[in-house]
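Have the sequence and the coordinates open side by side while reading. The text below walks from the strands outward to the helices and loops.

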Amino acid sequence: MITVEADISDLWPEQSNWEALAQTACQQAVSVSASDFLLAKDYETEISVCFSDNDTVHALNKTWRDKDRPTNVLSFPMMEAEELAEIKNRVGSECLLGDIILAFDVAKKEALEKGISLENHVTHLITHGTLHLLGYDHILDNEAEIMEDLERKALAQLGIPDPYSDHETGKEGLDG
């Protein structure tokens, strides 16, 4: 079972249920991954999602990734892929997958540029971030293809169109 703990800045519009959106996006990402066993009731899995601001994300991006700019989403996994694989053999395990942090202004600007709703874009960003927490990456082209295919599958099951249909690779728009 996946539990999402959401921390929502006042910047994020109140008319959207960001916590429910995060819960849905995280669960959907896990369901299409090799770690789908985490959805079973025998597992207690937690993901923290912080709906934050550009300044906070900028500082984190500079500190942890040496990139002096805000980005749309950052993921901070708490487990290595090997540790996650070991949990499958321990029924009743608890695990904190990690933290996902979103920058409101960057996400809003990107959604406007793409001509999509902020909610759909944020669902994609959280799906992307969750896959990073599960050990997926997009540094190499073959890794990017795998990760993008999982994102497409998860989003399609939620009725959200392919976010990569306008460009060749997802490396351009999502840092993780």
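What follows covers strand pairing, aromatic rings, one helix and its surroundings, and a loop arginine. The model is a predicted one.

Begin with the strands. Strand 1 and strand 2 run parallel to each other, paired over seven bridges. One of the positions to look for is Ala6, whose bridge partner in strand 2 is Val49. Strand 2 also pairs with strand 4 (residues 94–103), again in the parallel sense, and here nine bridges join the two. At Ile47, the bridge partner in strand 4 is Gly98. Strand 2 therefore takes part in both pairings, with strand 1 and with strand 4. In a regular strand, side chains alternate between the two faces of the sheet. Helix 1 enters the picture here: strand 1, helix 1 and strand 2 together make a β-α-β unit, and the unit is left-handed.Next come the aromatic rings. Searching the whole structure gives six aromatic pairs. In one of them, Trp12 and Phe51 meet edge-to-face, at 5.0 Å centre to centre and with 80° between the planes. Trp12 belongs to the loop between strand 1 (2–8) and helix 1 (18–31), whereas Phe51 belongs to strand 2 (residues 44–52), so this pair ties together parts that are 39 residues apart in sequence. Are these two residues buried or exposed? Trp12 is buried, at a relative accessible area of 2%, and Phe51 is buried too, at 1%. Another pair is formed by Trp64 and Phe76, also edge-to-face, with 6.2 Å between centres and 70° between the planes. This pair links distant parts of the chain, since Trp64 sits in helix 2 (residues 54–65) and Phe76 in strand 3 (residues 73–77), 12 residues apart. Trp64 is exposed, with a relative accessible area of 59%. Ring pairs also link Trp12, Trp18, Phe51 and Phe104 into a cluster.

Now turn to helix 6 (residues 141–157). Its 17 residues reach 24 Å from the first C-alpha to the last, close to the 24 Å expected at 1.5 Å a residue. The buried residues of helix 6 are Ala144, Met147, Glu148, Leu150, Glu151, Ala154 and Leu155. Seen down the axis of helix 6, these buried residues fall within an arc of 160°, so they line one face of the helix. The background is that an α-helix has 3.6 residues a turn, so residues three or four places apart point the same way. On the other side of helix 6, Asp141, Glu145 and Ala156 are exposed. Just after the helix, Gly159 takes a positive phi of about 80°.

What covers the buried residues of helix 6? The cover includes helix 1 and helix 5. Thr127 is a useful residue to display here, and it is found in helix 5 (residues 118–133). Thr127 is buried, at 0% relative accessibility. Leaving aside neighbours within four places in sequence, Thr127 is in contact with Ala25, Ala29, Glu151, Ala154 and Leu155. Among these partners, Glu151, Ala154 and Leu155 are buried residues of helix 6.

Last, look at Arg90, in the loop between helix 3 (81–87) and strand 4. Arg90 is partly exposed, with a relative accessible area of 43%. Arg90 and Arg65 are 25 residues apart in sequence, and their C-alpha atoms are 33 Å apart in space.

Key
Residues numbered from 1 in each chain as written. Heavy atoms only, no water. Phe/Tyr/Trp six-rings, centres within 6.5 Å; stacked < 30°, edge-to-face > 60°. Helix = DSSP H or I, 4+ residues; strand = E, 2+ residues; numbered from the N terminus. Buried < 20%, exposed > 50% of the residue type's maximum accessible area, 1.4 Å probe, protein only. Pairing = 2+ DSSP bridges. Right-handed = clockwise from strand over helix to strand, strands pointing away. Contact = heavy atoms within 4.5 Å. Expected span 1.5 Å × (residues − 1). Arc of directions from axis to C-beta.
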